[in-house]
Amino acid sequence: METELRIGVFVCHCGINIAGVLDIEDLCEYAGTLPNVVTVQPNLFTCAETGTSGIKNAVKEHDLNRVVVAACTPRTHEPIFRASCQEAGINPYFFEMVNIREHCSWVHRHDREAAQGKARDLIRMAVARAMFLEPIETFKSKVEPRALVIGAGIAGMSSALALAGEGFDVTLLEKKAEMGGLLRDLHKVAPSEVGAGELVEQKVAAIKQEGRIQCFTSATLEEVSGYVGNYSATFSSNGNTHTHKVGAIIVATGGAPLKPMGLYNYDGKRVITQSELETKLKSGKLDAKSIVMIQCVGARIPERNYCSRICCMVAIKNSLHIKEIAKDAKVFVLYRDIQAYGVENEALFLKAKEAGVRFIRYNLESPPVVGDGNVEIYHPAMGKEVPLPAELVVLSTPIVAHDDAESVSRILKVPVNEYRFFLEAHAKLSPLDFATNGIYLCGNAHYPATVREAISQALGAASRASIILSHDAIERVGTVARVDQELCSSCFACVKVCPYQVPHMDEGGKAMIEPMQCQGCGICVAECPAEAIQFGYVSDAQIMAACEALCA
Amino acid sequence: MNNFEPLIAVFSCHYCSYAAADLAGSSRIQYPPNIRVIKIPCTGRVSVNHILKALECGADGVYVAGCLEGTCHFISGNFKAKQRVQYAKNLLSEINMEPERVQMYFMSAAEGAKFANVAKEMTETIRELGPSPLGQNKSE
Amino acid sequence: MIVAERKPMEEILSMIEDANRILVLGCRGCTTVCCAGGPKEVQELATLIRMNRKQKGTTVETLEASNELQCEPQSVGPLLEKLADQFDVILSMACGAGVQTIVKSFPDVRVLPALNTNFIGMAEEHGVWTEVCVACGDCLLGRTAGICPMTRCAKQLLNGPCGGSMKGKCEISKDVDCAWQLIIDRLTRLGRLEVLEEIYPVKDWSAGWHRGPQKIVREDLTS
Amino acid sequence: MSIQDLIERTKVSFCQDCGVCTGSCPVSRVLPGFSPQQMVGKFVLSADLGLEDEALSDRDMWSCLTCALCLQRCPSKVEYLEFVRAVREEAFRTGNKATFAHDGVIETIVNMQRGGLHQNKTAWAREAGQIAESGEYYLFVGCLPYFDVLFRDMGISSLGSASHMLKMLNKLGIEPVVSDEERCCGHDLLWSGNVDVFKELAAFNIEMIKRCGSKKVIFGCPEGYVAFKAYYPLYFGELDFEVVHFYDLVGEQIKDGALKLSRVEEQTVTYHDPCRLGRMAGIYEAPRELIAGMPGMTLVEMERNRENAVCCGVSCWANCSSYSKQIQMDRLKEAEATGADALITACPKCKIHFTCALSSSDMKMEVKDLTEVMAASALEH
Amino acid sequence: MSRDVLVIGGGIAGIQASLDLAEQGFTVYLVERLPSIGGKMAQLDKTFPTNDCSICIMGPKLFEVERHPNTQLLTYTDVEAVKGGAGNFTVTVRKKARYVDEAKCTACGLCAEKCPVSVPDVFNMNMDTRSAIYKYFPQGIPSVYTIDDSVCRIFKGKKCNICAKICEAKAVNYEQKDAVFDLNVGAIIVATGFDVFDPSDIKPYGYGTIPDVITAMEFERLLNASGPTGGHLERLSSLNTKAEIEQLEKQIKHAKAGLKRAEKNGQNSDKVDEVKKRLAEMNESLDGLKAKEASLAELRDIAFVQCVGSRDLRYNAHCCSYGCMHSVKEAVVATEHESELKSTIFFTDMRAYGKEFHEYCLRGGSEYGIHFVRGRVAEIAQGDGGRPVVWCEDMDTRKVEQHPFDLVVLATACVPSQGSASLATMLGFNLDESGFVKTDPNKPVDTSVQGIFVCGCAQGPMDIPSSVSLASAAASMAVQTVKALG
């Protein structure tokens, strides 16, 4: 049952912005000659109240089912006119906009004749396209008001508490037998000087008290299916298998300091890592009177070319703690670039200098050499190698990703980078989101972070997740791709080209695109060799119609 | 022949080049009135057949204008577009048409002047090539 | 899957030089999957033909269609049957089997191939297909660790690498792996190197295309 | 004081290893290998490794001009000046001493003043104007009479500056005390590590001024001014007299209209900030206002002026060498590039050093003392 | 009691916090003191380490926050007083008069085109001019014009109503008054950002006296396609010369017209001669300027000077966190503009501590030929033809070196924004030793006042992703507060 196409065209003067260059009367007259156009109306300002109500009245009066507005840029004004269409009772996507201001009157002021011709062409193309517009509906999907937080280190615990504080249920998974993560083994947290264990205990106590958080220790994530608002996560914990329905997922799987096997005579006794030093500090078993710390051990080198962000501050913190215990202990920190960014860190760096910690820079080309009872280093001011007394050598090693990062990545279908840190949706503006809707990340799983940063990110990730969880249902405008399975040749082209890994083969062996996950770019539509993927928002028919209307 | 006015179709992505065109407008940067923009969500939406269609229907030139390389809003759409434009050029060569009639450009939303320059450059390129044998100008 | 690619336009255009009504007929089977002759390519070819004619100042009528599986006579639907006679030429974008099936279905119409049928292959990555099977009719994969020496060894050696195998590469090109290196590596990994010591009867070379056209009849299926 | 205390007190371990000091240091630019940062770095490491003798025997510390440019610019606020002074003090004790120019004659003169040497320091003053035995104002003449003798063959009359200063004071109705008893201010000894003698001289001077009953001690020489203003109190607590720079005093009187500057010959001049007056005492504008206040005088600035001015190349008569000469010539060329006819300075030593450098070049630049230039304007009518 | 939230500051942090809250269904008031939201990020050309165009990625966020049904944008608005406590704050705000009706203005820009006033454009770091009625920047949101009453002729009692006359939408209203009103909110998020340190305090660097010594933010605008040069890399001295030439050419044209008139009217020859003489003089100085402009060779060598006013106990003890990466990015982008260009970065410590940062620096060296010199610049002198000369000790070779450059870019410190001290007093929270909002490291967005949270550079210097993360964190805390108390 074909309904007759009835198109209304509205041409805006935009004061003299358009009318100063283009002959609006001529445009209206011309639009009237185009097929299926039943009414054409000029407006002084189409976006003003008189303009939008004019559209609504015209829809009623002329029984319009397509609306074309020739005015300014759709980037700012399309939503206004779509709303008018909706209010007039026609699908908001039965609307097409022609930009005769930014793309015409403003940029061809000195060639009115050509500008007029171009405006006619643009209107003709839009009317042609309008004939093939398809209605687009929004659809809803129920949201499970529970979050899954993977990892119960400082980041995961903070996220879980924040989510509970916002009123959502949380499933918290910890792979070890106890919550706490990396902080369990550490001494004190800088610069607050709170004991790391104390901080963990506070959080653990709060989690245990919080009825909304269900924590599973010795847990392994096994399978996750579904999509934003509606995931189903299966995991085992202490021999039992559970499946929880969750609306959002936070990845807080953390990281661990690199064990510097084979570097700088590391032996775990006289040559130890910073975290091993913290264990000593915690138990009060440090008696060395001369300590040399070496920075960038296993980091910022060709095989691991990243800076681990926090090791300089860890060294500074620990050197201060040593100085607190033994003021006369000699502490040398051998560094390449001190990463004491910001206010707090730089202040702590200064404090260490004040306390008598000595900082000596070295180059990658002439690294320190750990000898018996000393560390030899090229001292730039001396201009020669100098042996520094070292009863104890402490190596600052980078945080590296956990081995299980890859399996979590595979289960959640979210990417990791070459060093197996999880890859956020956008380095700048979506640092806590994955490209996949409904999954978020924080803490060392993303990249090495200080406790302050890990907590910040944890709270932030909780906020991102809450955006999903706070709704009973998620609405999604159907500007998405859909597979016509009748036509699908099962070639996997869509699966391979989608930048978001949305398409997959269903049980019948045909491609399937979950509309809640589709981002609406249209890449698969253009790639599908069987022309089996439909994209009503910008269909082939619309584009072809516009092309065909290029010439009068 | 050289004062012929080419007709050029532009496939312009919503996030960058369309925004650049808007910026050219609000900055009142003047450029030749020969281009006709067809807005698409991402240049990855453009298929070879769209490009061919535009040429068949009389465009003297076609170009696809996407985000700067590496900054596509949809991650890899402009990369796909670049590949397809190259493929379309190959097809044109196969039927003895100048591949220069089809081009790919990259620009950011902040580059209004670049949008204008590209429009200028393409208009000049096509003017040099002369009317498309498929176009409305061919008999003039 | 059968892998094919479109013939050069020059060749296609010269074949259809005198045709004015052309049916471009794609196949939704293998040639869609290998992106050579599916609906998208049908449209592309039809457009290119029209553009070429328009360039010459003449016109041509094209119809674009694709059927489910061109190598199956039944997939020629009634609509197509009705239309086909109205065309000077049917330009098939299926494999050779598809083209010949159409030839059989329309004995009075000129049917031309638009594709070259290249090989039986697999999709290595999106846009890359490699030949992996020569349809020899006597499959050896069971004793060559699943790697076909008939396809992948330039000499089709069946008993180990030749002297031209250098650092795992074939002497014909340093980009081509030596099939036997791959076979031995994989057998080693599987811990089944001893299968090479087994003595097999001579391969039945008569089963492949060397012998002339072949036919398989399943009597339980025939009517 | 222990070496570690010295390190802590002077904040040298705050060094960020950034190189601003070296990049700024006038010596480093002409003497490759010399670097304040390196001097500090070596010292700290030697001290940490228990090699204190090695630390104190480093000769680099004597190459420093103590011009305070690095101190001014150091982002870590390392107390370079105090560090050098204190290290020199320690080094002096262990026998690592400076090499003095002019065969050490000036050092000898200073040392001679420790005893009861009778000086005839007032003869010129009686000739030049009115002085008093006691009273509110004391004019500290310092070494000018000695320089006058030592550098007369270079055409420098250091006492000329002193007498003009006195004449101008007289004109303002001030008859200051000028005393034969006055000893060297000790500045050079302080900066050569000989702190014991410095203290001896300072104690004597303080006592002597007390005896004269003066409440305001006027200085024309920046070194004396700084020695009294900053270092006497360091060792003897707050002084019971005020330390006044001549230019501040005169400047105020001019503002009040008590002293008038009359037109001088039209000329373009540039002004060299002495380190002690500028960076160490913070007096940048008073001399410039005086110059600009003389009708006919046009002041043009060198590129490196005020906080950024460079040293005249020698300090406390130590280590005068080829690099000193190069620093001086560079500075004179900078002055020449401004198009000025004369370089005006406000320190007798700067004047001597620049005049000396000029004498071996064919540059047409005059080096003048601000007090003398001013006298021509203030006293001619 | 209220469950609404006030966000102070419309930079990327404030925007992100507002969006997070709005999307969770809370009503948000976003207050911005400038005419448009966008903040410092809007002024940047590209962002590291992805080289994303800043306004391109930010633009959609600007639209989103403006359009969201739960947000109310209060631009050109100051916070004047705050009463009450967590769960129930009463905030008095003053929405300054724009003299343009926001609902009517279509941002067509005709008014700005015709406005006779020309003043330095702050958004373009004063390297360009704007009119008295202006849009803060082209992509600014809300997309409306504002009359700067400190320069507009009408408000100086002079005759002019050009903008009101030309505006077809009838949006200009000189009678508009400030609106002062109260907002009742349950929580407050402070996202007031930072200021760029003024390097003219550092005398040895010659900023303000040597024309080709500029700040990183100024360079950012020079790189930007909508900046004063349209993205063409030029040094400031040649820009200045060009402006002078333009000015002079205008004067000459004027004088010529005058001369023609005088000759036509048969005025006495003395006057004509005088005009002729003046014209000759002007032509001569025009030639001089043109020669000067021609003598300025292409921009080839750029120096980037790190830690200007940062990590410097004389000015700011803290590190600006982003300066190293900012300069590497500017060098990379500059090379993309002009492949022949050589960049040298003088640094103290290379602080490339974020994800992909170190790799970015390495690429900057290997692919873009950036020359990294370890050593903080001691002074910038003026060399031949006014070219800046950078003096520095190379800490790797331990040699003092001087190099002339065409342009020197100062990576200036990040300092607390101007109003932050008074805001702290008004709201009652504490500041840290550097003047940023003090927080407990283990409660990273809590200020010392319950119910007031902080994010972005108001909390301390940080890069964009950290600002965004912190903004979401602040939103989470605000939600928890209003859910418990509001």
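The paragraphs below lead through a predicted model, from one whole chain to a boundary between chains, then to domains and pairs of helices.

A convenient place to begin is chain A, whose secondary structure comes to 16 helices and 30 strands. Its radius of gyration is 32 Å, which is well over the 24 Å that the globule rule gives for 552 residues, and chain A is therefore more spread out than a compact globule. The extents of the C-alpha trace of chain A can also be given along its principal axes, where they come to about 95 × 60 × 45 Å.

Chain A is also one partner in a boundary with chain E, in which 53 residues of chain A are in contact with 60 residues of chain E. On the side of chain E that touches chain A, at least two residues each are supplied by α1 (12–23), α2 (54–67), α9 (357–366) and α11 (464–485) of chain E. It is α11(E) that gives the most to this side, with 13 residues. Sorted by class, the side of chain E that touches chain A holds 26 nonpolar residues, along with 17 polar and 17 charged ones.

Within chain E, attention can turn to a pair of helices, α6 (residues 236–264) and α7 (residues 269–295), whose axes come within 9 Å and cross at roughly 160°. Because angles over 145 degrees count as roughly antiparallel, α6(E) and α7(E) are described as roughly antiparallel to each other. Their crossing is left-handed, and the residues of the contact of α6(E) with α7(E) divide into twelve nonpolar, six polar and eleven charged.

Chain B offers another pair, in which the axes of helix α2 (residues 48–56) and helix α3 (residues 77–94) come within 9 Å and cross at roughly 50°. That angle makes α2(B) oblique to α3(B), and the crossing of these helices is right-handed. In this contact, V48(B), I51(B) and L52(B) of α2(B) meet R84(B), Y87(B), A88(B) and L91(B) of α3(B). By class, the residues of the contact of α2(B) with α3(B) are six nonpolar and one charged, with no polar residue.

Chain D, finally, is divided into domain 1 (3–94), domain 2 (102–252) and domain 3 (259–378). The centres of domain 1 and domain 2 of chain D, taken over C-alpha atoms, are separated by 30 Å, and six residues of domain 1 of chain D are in contact with six residues of domain 2 of chain D. On the side of domain 1 of chain D that touches domain 2, the residues divide into two nonpolar, one polar and three charged.

Conventions
Residues are numbered from 1 along each chain as its sequence is written. Chains are lettered from A and ligands numbered from 1 in the order in which they are written. This is a predicted model: local features need pLDDT of at least 70, side-chain atom pairs count only at pLDDT 80 or more; totals for chains, interfaces and linings use all residues. Two residues are in contact if their C-beta atoms, placed from the backbone, lie within 7 Å. Helices (H or I, at least four residues) and strands (E, at least two) are DSSP runs, numbered from the N terminus. Ala, Val, Leu, Ile, Met, Phe, Trp, Tyr, Cys and Pro count as nonpolar, Asp, Glu, Lys and Arg as charged, and the others, Gly among them, as polar. Domain bounds come from an automatic or database domain assignment. Axes are lines fitted to C-alpha atoms, for helices over the stretch in contact, and angles run from 0 to 180 degrees between N-to-C directions. Angles under 35 degrees count as roughly parallel, over 145 as roughly antiparallel, 65 to 115 as roughly perpendicular and the rest as oblique. A crossing is left-handed if the near helix is turned anticlockwise from the far one by less than a right angle, and right-handed if clockwise. The radius of gyration is taken over C-alpha atoms; the globule rule is 2.2 Å times the number of residues to the power 0.38.
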